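Q: Could you take me through one strand pairing in this model at close range, and then through the backbone features found in the loops? I would enjoy a connected account that I can follow with the structure open.

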Amino acid sequence: MDAFEQTQNRIDPKITVDSKPFWDACAQHRLIFQQCAVCGHVRWPASVICPECSSFSFIWTESRGIGRVYSFVIFRRAFHPYFENRIPYVVASVLLEEGPVLLTNIVGCEATSVECDMPVEVVFLKTENRVTLPLFSPRSGSALKGVNYAR
Ligand SMILES: [Zn+2]
């Protein structure tokens, strides 16, 4: 039995020197991303270099935490003990209005009600290990329907 099988807790992300400001902001219920100081590209995951223009200069910019479901999968089988009492659950890629795509969970609704292009907003989950994860739930109202923020 390895460490993956031993824990009943959710497996938390590995926090790196580059991503630590992102996770610290999540703990404050804020979503921030690196934005290139040269070309303006907003990126995730955090990195030392802009994938668009190779600049090392960036600032941290705050996201409104609003996006749309780009794609998703409904898990009906638990591949880790943490999820045994949580199936079905949704793993989704969410396209944020600032441009980054986050791999996350959709919560706060029935798994079968999730659709591509569904407006969602960030909610935060503090795990047993005290890491705060950005998850997404359906956005109240549908005022954003029809708005396209794909780049
Ligand atoms: Zn750049």
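A: Start with Val-91, which stands opposite Asn-105 in S6. This is a predicted model, so please read each angle and count below as computed from predicted atoms. The strands S5 and S6 run antiparallel and are joined by 6 bridges. Along the sequence, S5 covers 89-96, while S6 covers 101-106. The two form a hairpin with 4 residues between the strands, and in that hairpin Gly-99 takes a positive phi near 120°.

Now step to the loop that comes ahead of S5. Pro-88 sits in the loop between strand S4 (66-75) and strand S5 (89-96). The bond that joins Ile-87 to Pro-88 is a cis peptide bond, with omega about -5°. Such a bond is worth a pause, because most peptide bonds are trans.

There is another cis bond to visit, from Trp-44 to Pro-45, and its omega is near 5°. Pro-45 is also a loop residue, placed between strand S2 (42-43) and strand S3 (58-62).

Stay in that loop between S2 and S3 for a moment, and you will find Ser-54 there too. Ser-54 has a phi near 70°, which is positive even though the residue is not glycine. Most residues other than glycine have a negative phi. As for its surroundings, Ser-54 has 10 other C-beta atoms within 10 Å; a residue with 12 or fewer is exposed, so Ser-54 counts as exposed.

On the far side of S6 in sequence, the loop between strand S6 (101-106) and strand S7 (119-126) holds Asp-117. Asp-117 is not a glycine either, yet its phi is positive, at about 75°. With 11 other C-beta atoms within 10 Å, Asp-117 is exposed as well.

To place these details in the whole chain, picture 2 helices and 8 strands. Reading along the sequence, you meet the pattern α-α-β-β-β-β-β-β-β-β. The protein chain has 151 residues, and 19% of them count as buried. Its contacts also reach along the sequence: among those between residues at least 6 apart, 51% join residues at least 24 apart.

If you would like one place to return to, go back to the hairpin of S5 and S6, with Val-91 opposite Asn-105 and Gly-99 with its positive phi.

Key. Residues numbered from 1 in each chain as written. Predicted model: local features only at pLDDT ≥ 70, side-chain atom pairs only at ≥ 80, totals over all residues. Buried ≥ 20, exposed ≤ 12 C-beta atoms within 10 Å, placed from the backbone. Contact = placed C-beta atoms within 7 Å. Pairing = 2+ DSSP bridges.
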